[in-house]
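User: I am new to this structure and would like to learn how to read its features one at a time. Could you take me through them slowly, with the general idea before each case?

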Amino acid sequence: MLLIDDRENPKVINKLLMRMGDSKQSADGDAKVVRMKSADYRMGTWGIEAKEINDLYRSILGIGRSRTIISQLNDLQDSVEDPFLVVYG
């Protein structure tokens, strides 16, 4: 089961739900949208914080953010067994 944070990009959420199936709509669905304290995605023991490169830059400097990447990664490390930071774009 892939858990997706409800604050993620709606286009990404919709693509994942279409590809994997929404577990709220069908018993065969392998994805579910929920509010998570940390991580953008969770699967088993994995917690994944996904950052587009420009978002990572702003998160490092704290530009327009309530939290920096350091606090996000600290929360992630405290809440999951296997934390990952994925940078794309």
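User: Which element gives the largest share of the lining of the largest pocket?

Analyst: Please keep in mind throughout that this is a predicted model. As a general idea, rolling a probe the size of a water molecule over the atoms shows where empty space is left. In this structure the largest pocket holds about 460 Å³ of space, and among the 21 residues that line this pocket, Glu8, Asp40, Glu49, Lys51 and Gln72 are the closest to its centre. The largest share of the lining comes from strand E4, which supplies four residues.

User: How many residues of each class line the largest pocket?

Analyst: Sorted by class, the lining of the largest pocket has 11 charged residues, together with five polar and five nonpolar ones.

User: Is E4 itself mostly covered or uncovered?

Analyst: Strand E4 is mostly covered, since five of its seven residues are buried, and buried here stands for a relative accessible area under 20%.

User: Which strands pair with E4, and in which sense?

Analyst: With E3, strand E4 pairs in the antiparallel sense over three bridges, and in this pairing the bridge partner of Tyr41 is Ile48 in E4. The hairpin of E3 and E4 has two residues between the strands, and Gly44 in this hairpin takes a positive phi near 60°. With E5, by contrast, strand E4 pairs in the parallel sense over seven bridges, and there Glu49 stands opposite Leu85 in E5.

User: Which residue has a positive phi although it is not a glycine, and is that residue buried or exposed?

Analyst: That residue is Ala39, whose phi is about 85°. Ala39 is found in the loop between strand E2, residues 31–34, and strand E3, residues 41–43. Because its relative accessibility is 5%, Ala39 counts as buried.

User: How should I read the two faces of a strand, and which residues of E2 are on the covered face?

Analyst: In a regular strand the side chains alternate between the two faces of the sheet. In E2 the covered face has Ala31 and Val33, whereas the uncovered face has Lys32 and Val34.

User: How many bridges join E1 to E2, and what is the hand of the crossover between them?

Analyst: Four bridges join strand E1, residues 2–5, to E2, and these two strands run parallel. Ile4 stands opposite Val33 in E2. From E1 the chain passes through helix H1, residues 10–20, before it reaches E2, and this β-α-β crossover is right-handed.

User: How is a pair of aromatic rings described, and how many aromatic pairs are counted here?

Analyst: A pair of aromatic rings is described by the distance of the centres and the angle of the planes. In this model the count comes to one aromatic pair. It is formed by Trp46 and Phe84, with 4.7 Å from centre to centre and 45° between the planes, and it is tilted. The pair links distant parts of the chain, with Trp46 in strand E4 and Phe84 in strand E5, 38 residues apart.

User: What are the relative accessible areas of Trp46 and Phe84?

Analyst: Trp46 has a relative accessible area of 44%, so this residue is partly exposed, and Phe84, with a relative accessible area of 34%, is partly exposed as well.

User: Separation along the chain and separation in space are easy to confuse, so how far apart in space are the C-alpha atoms of Leu3 and Glu81?

Analyst: The C-alpha atoms of Leu3 and Glu81 are separated by 15 Å, while the two residues are 78 residues apart along the chain. Leu3 has its place in strand E1 and is partly exposed, with a relative accessible area of 25%. For another case, take Thr68, which lies in the loop between helix H2, residues 53–61, and helix H3, residues 69–79. Thr68 and Asp28 are 40 residues apart along the chain, and their C-alpha atoms are separated by 37 Å.

User: Where does Arg35 lie, and is it buried or exposed?

Analyst: Arg35 lies in the loop between E2 and E3, and because its relative accessibility is 56%, Arg35 counts as exposed. From Arg35 to Leu56 the separation of the C-alpha atoms is 21 Å, with these positions 21 residues apart along the chain.

How values were computed:
Residues numbered from 1 in each chain as written. Predicted model: local features only at pLDDT ≥ 70, side-chain atom pairs only at ≥ 80, totals over all residues. Heavy atoms only, no water. Phe/Tyr/Trp six-rings, centres within 6.5 Å; stacked < 30°, edge-to-face > 60°. Buried < 20%, exposed > 50% of the residue type's maximum accessible area, 1.4 Å probe, protein only. Pairing = 2+ DSSP bridges. Right-handed = clockwise from strand over helix to strand, strands pointing away. 1 Å grid on protein atoms, 1.4 Å probe; cavity = no way out; pocket = protein on both sides within 12 Å on 5 of 7 lines; lining within 4 Å. Points joined across faces, edges and corners; volume = space filled by probe spheres on them. Nonpolar A, V, L, I, M, F, W, Y, C, P; charged D, E, K, R; others polar.
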